[in-house]
Amino acid sequence: MTRTTRTTRPSAYARPHARPDLTRPGVGLVKASTWRVGTPERQRAALDAIARTWESRPWPTEGLLSYTVHPGEDGDTLLHYSQWRSEEDYRELVRTERATRNAEIDAAVPGIERVALHSYEPYRSRVPGEGDGRVPGCVVTVEVEFDGPDPARRRGWVDAVLEALDSDPAPPPGGVSGHFHLGLDGARVLNYAEWESAAAHEAALAAPGDGVGAPTSQWRRVREYPGLVRSTVRRHTPGLSLGPDV
């Protein structure tokens with residue numbers, strides 16, 4: 001479900017194709033969270049309520065650089081991805097406006113369960129080449145957890161993934177971009193990956209090998225990396241992306 005919204009106030013707008021600028025400068029903090037709503041109908045209703053609530057108010061703070069919400073393919077969840085200058089800017093929104101905005105959304109869609117809020121810093125990105133005009137139709141998040149805090153290990157794992165992608169003899173044709181974030185808890189990595197479509201991602205998973213990527217020594221190193229506990233893969237459809245008026 002791709003949703004295009006119209007601006008009702010000049011302080012906010014929907015970005016084209018519901019995409020945040022994943023390589024924008026000045027992002028010091030990313031917040032990623034999940035809302036559970038139960039059904040596809042409630043997903044759509046919650047997305048509409050979020051759009052109405054945010055677009056009817058002035059943009060809350062200059063320190064919030066973007067706010068994006070994507071419905072999960074599971075028909076139950078909503079992924080929230082927001083870019084901030086700093087933790088202090090996020091806390092200011094919590095102190096002043098978050099409760100009233102959430103109350104309005106809850107009034108429209110009662111019973112939303114808010115779970116799994118995590119904080120990240122951007123680390124590295126793999127972006128399309130010049131002239132690549134593909135528009136992603138699917139967002140895949142890969143949440144990776146290690147057995148304890150170790151910043152060097154997390155950076156090493158991300159570097160290994162990018163090396164495996166660069167050396168892959170037959171990279172998945174439907175992959176558009178990948179954006180890696182390091183959890184501030186020291187034990188987590190988030191990859192926000194854009195794909196042409198859910199079908200393209202499914203085809204990559206079904207190709208020879210174990211998951212996305214050819215059966216190479218570089219990919220084997222990624223999957224057998226020391227301390228890696230689990231990785232959770234979820235697919236989402238672009239939904240809504242808002243930012244300050246510029």
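Trainee: How do the residues of the lining of the largest pocket divide into nonpolar, polar and charged?

Mentor: Start with the status of the model: it is predicted. Then sort the lining by residue class. Here, 20 residues are nonpolar, seven are polar and six are charged.

Trainee: How much space lies in the largest pocket?

Mentor: About 800 Å³. Next, look at who lines the space. The lining holds 33 residues. Val161, Leu165, Asn191, Val212 and Trp219 are the closest to the centre of this pocket.

Trainee: Which elements give two or more residues to the lining of the largest pocket?

Mentor: Take the strands, then the helices. The strands are β6 (138-146), β7 (175-183), β8 (188-195) and β9 (228-236). The helices are α4 (151-167), α5 (198-206) and α6 (217-223).

Trainee: Which element gives the largest share of that lining?

Mentor: Strand β7, with five residues.

Trainee: Now the second largest pocket. How many residues line it, and which lie nearest its centre?

Mentor: Use the same reading order. About 360 Å³ of space lies in this pocket, and 18 residues line it. Nearest its centre are Ser33, Trp35, Tyr90, Arg98 and Asn102.

Trainee: Which elements give two or more residues to the lining of the second largest pocket?

Mentor: Four strands and two helices are listed: β2 (29-36), β3 (64-71), β4 (77-84) and β5 (113-126), with α2 (87-96) and α3 (98-108). Strand β2 gives the largest share, four residues.

Trainee: And how do the residues of that lining divide by class?

Mentor: Nine are nonpolar, five polar and four charged in the second largest pocket.

Technical notes. Residues numbered from 1 in each chain as written. Predicted model: local features only at pLDDT ≥ 70, side-chain atom pairs only at ≥ 80, totals over all residues. Heavy atoms only, no water. 1 Å grid on protein atoms, 1.4 Å probe; cavity = no way out; pocket = protein on both sides within 12 Å on 5 of 7 lines; lining within 4 Å. Points joined across faces, edges and corners; volume = space filled by probe spheres on them. Nonpolar A, V, L, I, M, F, W, Y, C, P; charged D, E, K, R; others polar.
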